Amino acid sequence: MSAYSGDMAKEIDRVRTRAALDTVKESPFLAVVVAVPALVVLGAVWWATNWFIALLVLIALGAVVVVRGKFLR
């Protein structure tokens, strides 16, 4: 549960989203550096198994990120 309720929580999320997008726009290299390890793991799983297993791993990792993000707030 968020420390802020209703409209205030939505405003904070918009501000955080805007800040993240501004960071990527100012430094796309930083975004690439952050994404490369995930892409390497995904590519290795795809190479070792097949695209469907790699897709399942990608979905699972995405779910972990979303759930973990909700628990950290």
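Student: What distance does helix 2 (residues 28-48) reach from its first C-alpha to its last?

Tutor: This is a predicted model, numbered from 1 along each chain as its sequence is written, in which local features need pLDDT of at least 70, side-chain atom pairs count only at pLDDT 80 or more, and totals for chains, interfaces and linings use all residues. Side-chain values use heavy atoms, with hydrogens and water left out. Helix 2 (helices are DSSP runs of H or I, at least four residues, numbered from the N terminus) has 21 residues. The expected span (1.5 Å times one less than the number of residues) is 30 Å, and the helix comes close to it, reaching 30 Å.

Student: At which residue does helix 2 bend?

Tutor: The bend (the angle between axes fitted to the seven residues ending at a residue and the seven starting there) is about 35°. Proline 37 follows within four residues of the bend site, alanine 35.

Student: Which helix gives the nonpolar surface patch its largest share?

Tutor: The patch (nonpolar side chains of Val, Leu, Ile, Met, Phe, Trp or Tyr joined within 5 Å, each residue with over 30% relative accessible area and no salt bridge, that is, no Lys or Arg side-chain nitrogen within 4 Å of an Asp or Glu carboxyl oxygen) includes Trp46, Trp51, Phe52 and Leu56. Together its residues have about 820 Å² of accessible area (Shrake-Rupley, 1.4 Å probe). Seven of the residues come from residues 51-72, which form helix 3.

Student: Is leucine 56 buried, partly exposed or exposed?

Tutor: Leucine 56 is found in helix 3. Buried means under 20% relative accessible area and exposed over 50%, with partly exposed in between. Because its relative accessibility is 41%, leucine 56 counts as partly exposed.

Student: What geometry does the pair of tryptophan 51 and phenylalanine 52 have?

Tutor: The structure holds one aromatic pair (ring centres within 6.5 Å; planes under 30 degrees apart are stacked, over 60 edge-to-face, the rest tilted). The centres of the tryptophan 51 and phenylalanine 52 rings lie 5.9 Å apart with planes at 85°, so the pair is edge-to-face.

Technical notes: Patches are made of residues with over 30% relative accessible area and no salt bridge: like charges are joined within 9 Å, nonpolar side chains (Val, Leu, Ile, Met, Phe, Trp, Tyr) within 5 Å. Helices (H or I, at least four residues) and strands (E, at least two) are DSSP runs, numbered from the N terminus. Buried means under 20% relative accessible area, exposed over 50%, partly exposed in between (1.4 Å probe, protein chains only). Rings of Phe, Tyr and Trp (its six-membered ring) pair if their centres lie within 6.5 Å; planes under 30 degrees apart count as stacked, over 60 as edge-to-face and the rest as tilted.
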